[in-house]
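Here is a short tour for a reader who has not met this structure before. Look at the sequence and the model first, then read on.

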Amino acid sequence: VHEVPAKDVLFRELLSMLKVNGSILMVEPPIRVSKKEFEKSIQGAGAAGFVVVERPGIFPNKASILQKR
């Protein structure tokens, strides 16, 4: 996600491809993405219509499972 300039467009596009309750796993490397940047991406996903259903521990990365409701 960190390499995509228009994250809002990305999340809307992903949402349009998923069935209701469909999920995506978003994982970002700690070297490239700060916690603040990751949380901003999560907020953008929420604005598009995703809900965080889990934050799996995929060390050392930041990860979140996002679901279409």
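## Strand β3 and its surroundings

I65 is found in strand β3. The model is a predicted one. S64 lies in strand β3 too, and so does K62. The strand covers residues 62-68.

Start with the sheet. Three strands make it up, in the order β1-β3-β2. The sheet is open, and the pairing is antiparallel. Its edge strands are β1 (23-28) and β2 (50-54), each of which pairs on one side only. On average, neighbouring strands of this sheet are turned by 40 degrees against each other, direction ignored.

How many bridges join β1 and β3? Six bridges link β1 and β3, in the antiparallel sense. M26 stands opposite S64 in β3.

Two helices pack on this sheet. Helix α1 touches β1, β2 and β3. Helix α2 also touches β1, β2 and β3. The table gives their residues and directions.

| Helix | Residues | Angle between directions |
|---|---|---|
| α1 | residues 7-17 | about 80 degrees with β2 |
| α2 | residues 35-48 | about 5 degrees with β3 |

Now take the residues of β3 one by one. I65 touches S23, I24 and L25, leaving aside its neighbours within four places in sequence. With the same neighbours left aside, I65 is also in contact with V51, V52, V53, E54 and P56. I65 and I42 are 23 residues apart in sequence. In space, their C-alpha atoms are 9.9 Å apart.

Is S64 buried or exposed? S64 is buried, because its relative accessible area is 0%, and buried means under 20%. Leaving aside neighbours within four places in sequence, the contacts of S64 include I24, L25 and M26. F38 and I42 are also among them, as are V52, E54, R55 and P56.

K62 is buried yet has no salt bridge. Which side chain of opposite charge is nearest to K62? That is E37, 7.7 Å away. A salt bridge needs the charged atoms within 4 Å. What does the side chain of K62 reach? It reaches the backbone oxygen of V33, at 2.8 Å. Not counting residues up to four places away in sequence, K62 touches M26, V27, E28 and P30, among others. V33, S34, K35 and F38 are also touched by K62.

Methods
Residues numbered from 1 in each chain as written. Predicted model: local features only at pLDDT ≥ 70, side-chain atom pairs only at ≥ 80, totals over all residues. Heavy atoms only, no water. Helix = DSSP H or I, 4+ residues; strand = E, 2+ residues; numbered from the N terminus. Buried < 20%, exposed > 50% of the residue type's maximum accessible area, 1.4 Å probe, protein only. Lys, Arg positive; Asp, Glu negative; His and termini not counted. Polar contact = N/O pair within 3.5 Å; in protein donor to acceptor, adjacent residues only side chain to side chain. Contact = heavy atoms within 4.5 Å. Pairing = 2+ DSSP bridges. Axes fitted to C-alpha atoms, helices over the stretch in contact; angles between N-to-C directions.
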